Amino acid sequence: MLNATLIALLVVMSLALVRAIKGPSIHDRILAVNMFGTKTVLLIAVICFTFGKPEFLDIALVYALINFVSVIGVLRYFEFRNRNQNGTQNSSEELASD
Amino acid sequence: MIDLLLSYASGLLLFLGCFFMLTGAIGLLRFPDFYSRMHAAGVTDTLATILIIAGLMLIAGWSLALFKLALIVLFIFFTSPTASHALARSAQLCALRLTQTPVEKGPADAPRPVAETSAPVSKMEAAEGT
């Protein structure tokens, strides 16, 4: 069952990559990359039990942390860029309230 | 006896996790709109992660690996909905470009995304601005 889980994880990661390459908007790409990162955490955790290397769980934990922080950082960047591009009074008020 | 039972239970949990994971990936690939894609990915992400790591926990037994897996589950349980929420909010703030993208794909998709997603977005933005 562990090997089947590995194969399913690889299939899911390739599907997420297809969406990340194809995605029409930047948010589709960020969503797919977020999913890819979560599945990478799972892949490292499953590989840890398949190959019997318990050190890999630390790498999975650190990868989960980095994935979350990077997704939030990229999202903040594009959010502010789009608000500044609108340039209306409303968006500048939202900027000030944040 | 108990080992056999544990291995069966972990196999069942891993299978359920794989099922939900594949469902979410197919939904991410095939849904027409960004918000429905986010629904498919965001809902199944947390559930599949928890199921697969619970299956790994049953394999691990009482050890340090169990504690680390519990830490991963706890972290993903909090961060995955947070990331989905931030993604939805960021998409809502620049929703004009997003709702126009599925319209170009086909006339069958045209009425639903435009009518349902663009109207509440403008209403909520107006409420936020006041």
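So, confidence to begin with: this is a predicted model, and chain A averages a pLDDT of 83, with 83% of its residues at 70 or more; pLDDT is the predictor's confidence in each residue, from 0 to 100. Among the elements of chain A, α1(A) has the highest mean, 92, and α4(A) the lowest, 46. Over residues 88-98 of chain A the pLDDT drops below 50, and beyond near neighbours in sequence that stretch has seven contacts in the model, a contact being two C-beta atoms, placed from the backbone, within 7 Å.

Housekeeping: residues are numbered from 1 along each chain as its sequence is written, and chains are lettered from A in the order in which they are written. Local features need pLDDT of at least 70, side-chain atom pairs 80 or more, while totals for chains, interfaces and linings use all residues.

Now α1(A), residues 2-22: its 21 residues reach 30 Å from first C-alpha to last, close to the 30 Å expected at 1.5 Å a residue. Helices here are DSSP runs of H or I, at least four residues, numbered from the N terminus. The buried ones include Thr5(A), Leu9(A), Val12(A), Ala16(A) and Arg19(A); buried means 20 or more other C-beta atoms within 10 Å of the residue's own, exposed 12 or fewer. The buried set covers an arc of only 160° around the axis, so these residues sit on the same side of α1(A). Over on the other side, Ile7(A), Leu10(A) and Lys22(A) are among the exposed.

What do the buried residues of α1(A) pack against? That's α2 (26-50) of chain A, plus α1 (2-30) and α2 (34-60) of chain B. The chain contact takes 41 residues from A and 40 from B.

Methods:
Helix = DSSP H or I, 4+ residues; strand = E, 2+ residues; numbered from the N terminus. Expected span 1.5 Å × (residues − 1). Arc of directions from axis to C-beta.
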